[in-house]
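Me: I'm new to this one and would like some help reading it. Could we go through a few features together?

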Amino acid sequence: MSNKYDSFQVDLTNLEWLNIELSSKCNLRCRWCILDHDKDPQYLDLELLERILTEVSGGKFPRLQRIDFHNGGETLLHPDADKALKIIGDFKAADLKDIHIALLTNGTVLKSSVLKVLTERKVVDEIRFSIDGGNRQFYEYIRVGANWNKVSSNVERLIMSMREAGVGTKVGVICMVPPGKPQSTEWMSDEFLRVIEMADQVEIRSPHSWEGSLPEEVEIKAAWERKNSSDICKFLRKNLVVLASGQVTVCCADLLGRGDLGNLHDITVEQALIGGERRRMINLWESGNFKEISLCAPCEGYYD
């Protein structure tokens, strides 16, 4: 049987989706999250941020559609988050008008300096909040360390401030519900609904384990056996992630940074995309040798 990705070309047209992590530090300890909190926190160097955005804004990657500012850490914990957002806003206004730029936050941190930047102009196209649960009890059970009153207040303040300023930034909510709960809003509490329904778009999900590194006691397992050589994972085909250290990995499910494609302090985005390590991983996938890809072996993959 032929492989629909036979002779898959590893070139500059592959990049459709870029994640840039501003902060590797997270202030929560969410259930089902594999982030290693014992590592020293790192924050993306702002000069490197400018260099990355300069490279991707030059038309070199013709299919680039989206840049997401998040990965494992909480984005707004960057000590210079306001300066980073100003840089992003400058590129958005000048060279990245046609690229969808989004920021994901857990909503626990909202400094006045950040709020000021986000309400002065359209810095990003969309701000998404991770607001899991369905009610206060489930929210604080899942998002260990978060306080519902504080987060709901921050979300409401940011949404109302941006709308009053008329900057045109859309608001999204990603809501993961506990296992066994339906992916709908009918059962959710009124106070929870009041907050998430302020958003322009709400995406309800069940817990997942794409990357497969959850501890044994967590009863959410990766369906790694679903992988097949005729359907290359969407992350591996289309995504790159720049971690706060500058290290590049192949996908946004790799919170532990195990898929090392080099460091942007030493190489370019182009070199990471078409370099030998990514080629090796794709070739192994196409030949069905999944166990030889240490990052992908325990993962079920993500598909169109």
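**Cavities and a helix pair**

Reply: Sure, and keep in mind that this is a predicted model. Let's start with a cavity: L76, T105, G107, V109, L110, F129, N154 and L158 line the second largest one.

Me: How much space lies in that second largest cavity?

Reply: About 40 Å³. By class, its lining has five nonpolar and three polar residues, with no charged ones.

Me: How many cavities does a search of the whole structure find?

Reply: A cavity is a space where a 1.4 Å probe fits but cannot get out. Counting those of 30 Å³ or more, the search finds two. The largest cavity holds about 90 Å³ of space.

Me: Which residues lie nearest the centre of the largest cavity?

Reply: C233, C251, L295, C296 and C299, out of 13 that line the largest cavity. That lining divides into ten nonpolar, one polar and two charged residues.

Me: Now helices. At what angle do α3 and α5 pack?

Reply: For a helix pair, look at the angle and the distance between the axes. Here α3 (residues 112–120) and α5 (residues 148–165) pack at about 35°, and their axes are 9 Å apart. The crossing of α3 and α5 is right-handed.

Me: Which residues make the contact?

Reply: From α3 come L115, L118 and T119, while α5 brings R157, L158, S161, M162 and A165. Sorted by class, the contact of α3 with α5 has five nonpolar residues, two polar and one charged. You've met L158 already, in the lining of the second largest cavity.

Key: Residues numbered from 1 in each chain as written. Predicted model: local features only at pLDDT ≥ 70, side-chain atom pairs only at ≥ 80, totals over all residues. Heavy atoms only, no water. Axes fitted to C-alpha atoms, helices over the stretch in contact; angles between N-to-C directions. Helix = DSSP H or I, 4+ residues; strand = E, 2+ residues; numbered from the N terminus. Left-handed = near helix turned anticlockwise from the far one by under 90°. Contact = heavy atoms within 4.5 Å. Nonpolar A, V, L, I, M, F, W, Y, C, P; charged D, E, K, R; others polar. 1 Å grid on protein atoms, 1.4 Å probe; cavity = no way out; pocket = protein on both sides within 12 Å on 5 of 7 lines; lining within 4 Å. Points joined across faces, edges and corners; volume = space filled by probe spheres on them.
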